[in-house]
Amino acid sequence: MDFKEIAVKINAAVEANRAAIIAVGEDIYKTPETGYREHKSMARAVKELESLGLTVTTYEGTTGYSALIDTGKPGPTVAIMGELDSVVCFDHPHCNPETGAVHACGHHIQVASSIGAAYALLKSGVLAELCGKILIVGVPAEEFLEIGWRNEQREKGDISFLGGKCEFIKRGVFDGVSCAMMVHATNAPDTPMTLANSNNGFVGKSVTMHGRAAHAAGSPDQGINALYAAMLGLEGVNAMRETFKDTDTVRVHPIITKGGSIVNSIPEEVKVESLIRANNMDAVFDASNKFDRAFGGAAYAFGTTVSINTQPGYLPYKPAPYFEELAKGIALELNGDGKEIPQEAPSTGSSDIGDLGSLMPVLQPYVGFCEGGLHSKDFRVLSDEVFAYSSKFLAQVAAKLLMDGAAECSKLSESYDPMFKSSKEYVDFAESLYTDKVLP
């Protein structure tokens with residue numbers, strides 16, 4: 001059977017199971033949850049995979065799952081992923097009113113599409129033409145949110161990393177996997193698919209400015225205002241922005257998560273969270289050091305101290321050209337109307353797909369059928385076609401890689417030079433980024 005025949009069978013299987021695939025996406029959309037809290041979303045996805053006869057593995061202390069489809073023939077393993085978590089946007093009409101969680105980044109599309117690919121591969125009869133294995137992975141916590149809470153989970157020993165793919169790398173979920181893929185939504189309603197470009201990497205910061213409480217009206221001279229000290233630290237960071245090179249696309253965006261306790265007391269403790277992003281890790285480290293100096297200087301000026309905890313965030317994402325070309329050919333056939341597949345501009349956002357890409361070739365194209373800005377109150381899915389389109393695409397790419405003795409998968413692996421040679425090497429590097437400072 002040639003690839004065109006395989007593609008026809010995959011497409012037919014998706015169409016035959018379209019309602020079930022869409023139902024998964026719609027159900028997960030209704031239960032948005034932030035990272036490492038995606039219990040309802042995970043349960044829904046696991047139930048669907050088990051209905052396909054798959055054995056699903058879950059992981060102690062965290063959310064997420066994996067399920068292996070085995071062709072019965074020796075060969076490489078290809079991972080198809082979906083991210084379980086959501087963002088927080090209280091202004092979105094479909095958000096959880098208590099938590100603000102909402103799928104305004106389209107992760108419900110990813111999960112449904114990865115399960116749709118499983119439907120396609122299992123129901124089409126094409127596994128007999130393939131070799132190796134396909135690992136369906138539901139990854140938690142891609143959005144780097146709620147840093148303080150995640151650090152508490154880390155201190156409890158439930159997780160080691162604040163990002164889900166990073167956590168799964170350490171847990172060995174991707175051991176033995178040759179390459180991995182997923183799709184991501186974009187606000188391009190008239191463009192079925194665009195190819196990704198580079199992403200920024202980053203580190204996270206949790207800052208606590210320590211002051212001294214006193215009555216704000218009766219004896220302010222007896223206090224040390226941690227809020228003013230933190231504000232001076234933020235101003236110091238802002239004053240350093242012109243030292244960032246434009247070519248490094250540095251982004252520093254802090255928020256104050258605690259500004260004091262009561263209004264008639266000098267704030268004795270103020271908390272700040274921030275991400276420090278750039279398109280290369282040298283620039284991330286440079287900006288990170290400047291951030292620390294700004295807050296250390298502010299603490300010195302006020303005669304207090306500041307605690308700065310730095311967490312590994314995500315590594316920059318660099319596309320795998322061979323993977324992109326293979327995907328482009330399949331997407332062009334799927335479009336069926338002669339449309340080109342555009343290339344996204346380099347993104348200053350970040351994703352833990354970059355961390356996985358430091359070990360193996362990864363693919364993350366963007367699918368359209370949506371409108372409105374990502375992470376905003378305006379994000380909408382315009383057509384259920386996005387679920388069928390993405391399912392067909394992912395299943396076809398997996399089939400292309402694993403047919404003919406996995407010839408394309410071998411070429412892909414040979415074409416890629418990973419940053420790290422093993423998951424242990426990656427984990428050692430990532431864990432070295434955890435640091436605690438008390439300044440000055």
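Axes here are lines fitted to C-alpha atoms, for helices over the stretch in contact, and angles run from 0 to 180 degrees between N-to-C directions. The model on display is predicted.

**First selection: helices H4 and H11**

Select residues 107-123, which form helix H4, together with residues 385-402, which form helix H11. The two axes lie 7 Å apart and meet at an angle of about 55°. Angles under 35 degrees count as roughly parallel and those from 65 to 115 as roughly perpendicular; H4 and H11 are therefore oblique to each other. The crossing of H4 past H11 is right-handed.

Display the side chains at this contact. From H4, the participants are His-108, Ile-109, Ala-112, Ser-113, Ser-114, Gly-116, Ala-117, Ala-120 and Leu-121. From H11, they are Val-386, Phe-387, Ser-390, Ser-391, Leu-394 and Ala-395. By class, nine residues of the contact of H4 with H11 are nonpolar, six are polar and none is charged.

**Second selection: Ser-113 and Ser-391**

Centre the view on Ser-113, a residue of helix H4. Is Ser-113 buried or exposed? Its relative accessibility is 0%, so Ser-113 counts as buried. Not counting residues up to four places away in sequence, Ser-113 touches Val-183, Val-386, Phe-387, Ser-390, Ser-391 and Leu-394. Add Met-81 to the selection: Ser-113 and Met-81 are 32 residues apart in sequence, and their C-alpha atoms are 8.8 Å apart in space.

Move next to Ser-391, which belongs to helix H11. Ser-391 is also buried, with a relative accessible area of 0%. With residues up to four places away in sequence left out, Ser-391 touches Ala-112, Ser-113, Gly-116 and Ala-117, as well as Val-14 and Ile-21.

**Third selection: the nonpolar cores**

Which residues touch the most other members of the largest nonpolar core? Among the 79 residues of this core, they are Tyr-65, Met-181, Phe-393 and Leu-401. Helix H11 supplies the largest share of the core, 12 residues.

Select Leu-401 and show its surroundings. Not counting residues up to four places away in sequence, Leu-401 touches Val-78, Cys-179, Met-181, Phe-323, Leu-326, Ala-406, Ala-407, Glu-408, Cys-409 and Leu-412. Another core, of 64 residues, lies apart from the largest one and includes Phe-168, Ala-229, Met-281 and Val-427.

**Fourth selection: helices H7 and H8**

Select residues 226-239 for helix H7 and residues 281-302 for helix H8. Their axes are 8 Å apart, and the packing angle is about 140°. Angles over 145 degrees count as roughly antiparallel; H7 and H8 are therefore oblique to each other. H7 passes H8 in a crossing that is right-handed.

On the H7 side, the contact is made by Tyr-228, Ala-229, Ala-230, Leu-232, Gly-233, Leu-234, Gly-236 and Val-237. On the H8 side, Phe-291, Ala-294, Phe-295, Ala-298, Ala-301 and Phe-302 take part. The contact of H7 with H8 has 12 nonpolar residues, two polar and no charged.

**Final selections: backbone geometry**

Select Ala-406, in the loop between H11 and helix H12 (407-415). Phi of Ala-406 is near 60°, a positive value in a residue other than glycine. Ala-406 counts as buried, at 0% relative accessibility.

Continue to Phe-369, in the loop between strand S16 (366-367) and strand S17 (370-371). Phi is positive here too, near 65° for Phe-369. At 14% relative accessibility, Phe-369 counts as buried.

The tour ends at Pro-440, in the segment after strand S19 (435-439). A cis peptide bond, with omega of about 0°, joins Leu-439 to Pro-440.

Conventions: Residues numbered from 1 in each chain as written. Predicted model: local features only at pLDDT ≥ 70, side-chain atom pairs only at ≥ 80, totals over all residues. Heavy atoms only, no water. Helix = DSSP H or I, 4+ residues; strand = E, 2+ residues; numbered from the N terminus. Left-handed = near helix turned anticlockwise from the far one by under 90°. Contact = heavy atoms within 4.5 Å. Nonpolar A, V, L, I, M, F, W, Y, C, P; charged D, E, K, R; others polar. Core = buried A, V, L, I, M, F, W, Y, C linked by side-chain atoms within 4.5 Å. Buried < 20%, exposed > 50% of the residue type's maximum accessible area, 1.4 Å probe, protein only.
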